[in-house]
Amino acid sequence: MLAPLGLSPSFGFGDRLGLATPGHIAALRQSGLDIQPIFSQQSVRENARTGRTPQLVLDEAKRAVEAAGWDKPWGADADHLKTVEDLPPFVSAGYTFFTVDPGAHVDNAADTDSLPVLQEKATASRRTSGEGQNWDELSALYLSGNGEAGYGAFDSEKLLRALVKYGRAIRHTIAMYRRLSELKDSFDFEVSVDETDAPTTPLEHFFIANELTRAGVKFTSLAPRFIGRFEKGVDYIGDIAALDAELARHAAVTAQFGTYKLSLHSGSDKFSVYPLIVKHWGRRIHVKTAGTSYLEALRTLAVTSPALFERIWALGLARYETDRATYHVSASPTLFPAGLPLPALLDDFHAREILHVTFGSALTEFGAEIKAELVKNAGAYSANLQKHFGKHLNLLK
Ligand SMILES: [Zn+2]
């Protein structure tokens, strides 16, 4: 049954083609893992690129859920919503999980701004916002010297930086929450700043969570921007020992509240990170994967319809420089090792990222052919999804 999942551990499977849910269900069943699935999880950006609507995405997942006889709870995630205008189509389609992304309102420069610049920005923001986030009140709350809580303590400079960096984003999130509360009674609410340039320190995470809580925002998960690089469809890039320590500090923040889960976005293929989130976050986790169900579709085509795959790959190479603009990827077509056979090409770092971010172009050009081939080879596609997600789910045990 489609329902909010609350604080249960949960896992988001994105499906850009509307054909992956049977494979997702098979992977979940085979893993035996006690984790609640999100089967529909599409952002406004993805819908624009795939030409699908919130309603269509959800209807396709519903049909697959019924056909597979999945009778346990599952969710539908309206992903990366940026404005209040994004909300209504997802509400009326029946989504249960709303991910609000106030990233455009995060001031990344606050990490390095000088004190006078920070003060000027804080004053200007107070003048325009008119309410809340009063400095005296914040000082009394955050500078009372409650000491070491596992994630550090504020001094006035750190507090000022946190306020300038996240103050507007917090206000935007509150506005989104209030609007959604007018439209809908019960829902999961996620706050995500994972796509910003500047990482979220554990202390800033505390500031965001505490300010939202003070404003009455009942959020069920929060996705900070973690250190290092979480690129699409490949493993973590960065200092894994530093990430290990950082994830422990974020968990210490969450433990202070006990009211929400930590959320890991771009979770596909982050095999080195999964054991760490299990260790530190326990069952208070939400993980999102998105584009790799599409990559598994291409892996299927590479075997069943190699000629079609070659055309998708050629288009991907041609479109990559343009299509990568809104994604965090570092692949370079010039570093791609020539002559890789199919389907091994699908395991190459550069090929994965190139194909991952050019899905919109590929679907515009070849969407009908791709879908027809996958319908014809549904068993092979499901087997590939099962193997791919089985590897993910097993690491969360
Ligand atoms: Zn994200």
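Reader: What comes after α1, and what is special about its phi?
Author: Helix α1 is followed by G32, whose phi is positive, near 70 degrees. Helices here are DSSP runs of H or I with at least four residues, strands are runs of E with at least two, and both are numbered from the N terminus. This is a predicted model, where local features need pLDDT of at least 70, side-chain atom pairs count only at pLDDT 80 or more, and totals for chains, interfaces and linings use all residues. Residues are numbered from 1 along each chain as its sequence is written.

Reader: Which residues of α1 are called buried, and what do they pack against?
Author: They are T21, G23, H24, I25, A27 and L28. A residue earns the word "buried" if 20 or more other C-beta atoms lie within 10 Å of its own (12 or fewer makes it exposed, anything in between partly exposed, with C-beta atoms placed from the backbone). These buried residues of α1 pack against β1 (10-13), β2 (36-43), α3 (54-68) and α15.

Reader: How do you know whether S266 is buried or exposed?
Author: Count its neighbours: S266 has 24 C-beta atoms inside 10 Å, which meets the cut-off, so it is buried. S266 sits in the loop between β7 (261-264) and α10 (274-281). Its phi is near 50 degrees, a positive value in a residue other than glycine.

Reader: What makes that phi worth mentioning?
Author: Most residues other than glycine have a negative phi. D269 is another such case, with a positive phi of about 65 degrees although it is not a glycine. D269 is also in the loop between β7 and α10, and its 24 C-beta neighbours inside 10 Å make it buried.

Reader: Where is L276, and what makes it buried or exposed?
Author: L276 is found in helix α10. It has 21 other C-beta atoms within 10 Å, so the verdict is buried. Leaving aside residues up to four places away in sequence, L276 touches L243, D244 and L247. "Touching" has a rule: the C-beta atoms, placed from the backbone, must lie within 7 Å. L276 and L243 are 33 residues apart in sequence, and their C-alpha atoms are 8.6 Å apart in space.

Reader: How do you know whether T128 is buried or exposed?
Author: T128 has 7 other C-beta atoms within 10 Å, which fits the rule for exposed. T128 lies in helix α5 (residues 115-129). Its C-alpha atom is separated by 44 Å from that of S293, 165 residues apart along the chain.

Reader: Why are α11 and α15 called oblique?
Author: Helix α11 (residues 292-304) and helix α15 (residues 378-394) pack at about 130 degrees, with axes 9 Å apart. Axes are lines fitted to C-alpha atoms, for helices over the stretch in contact, and angles run from 0 to 180 degrees between N-to-C directions. Roughly parallel needs an angle under 35 degrees, roughly antiparallel over 145, roughly perpendicular 65 to 115, and the rest is oblique. The angle of α11 with α15 is left in that last group, so the pair is oblique.

Reader: Which residues meet there, and what classes do they belong to?
Author: On the α11 side are T292, S293, E296, A297, R299, T300 and T304, and they meet A380, Y381, N384, L385 and H388 of α15. By class, this contact has 4 nonpolar, 6 polar and 2 charged residues. Nonpolar means Ala, Val, Leu, Ile, Met, Phe, Trp, Tyr, Cys and Pro, charged means Asp, Glu, Lys and Arg, and the others, Gly among them, are polar.

Reader: How are α12 and α14 arranged, and what makes you say that?
Author: The axes of α12 (306-323) and α14 (residues 359-376) come within 9 Å and cross at roughly 160 degrees. That angle is over 145, so α12 is roughly antiparallel to α14. The residues of this contact divide into 5 nonpolar, 3 polar and 6 charged.

Reader: What kind of peptide bond joins L342 and P343?
Author: A cis bond, with omega about -5 degrees. P343 is in the loop between α12 and α13 (349-357). Most peptide bonds are trans.

Methods:
Two residues are in contact if their C-beta atoms, placed from the backbone, lie within 7 Å.
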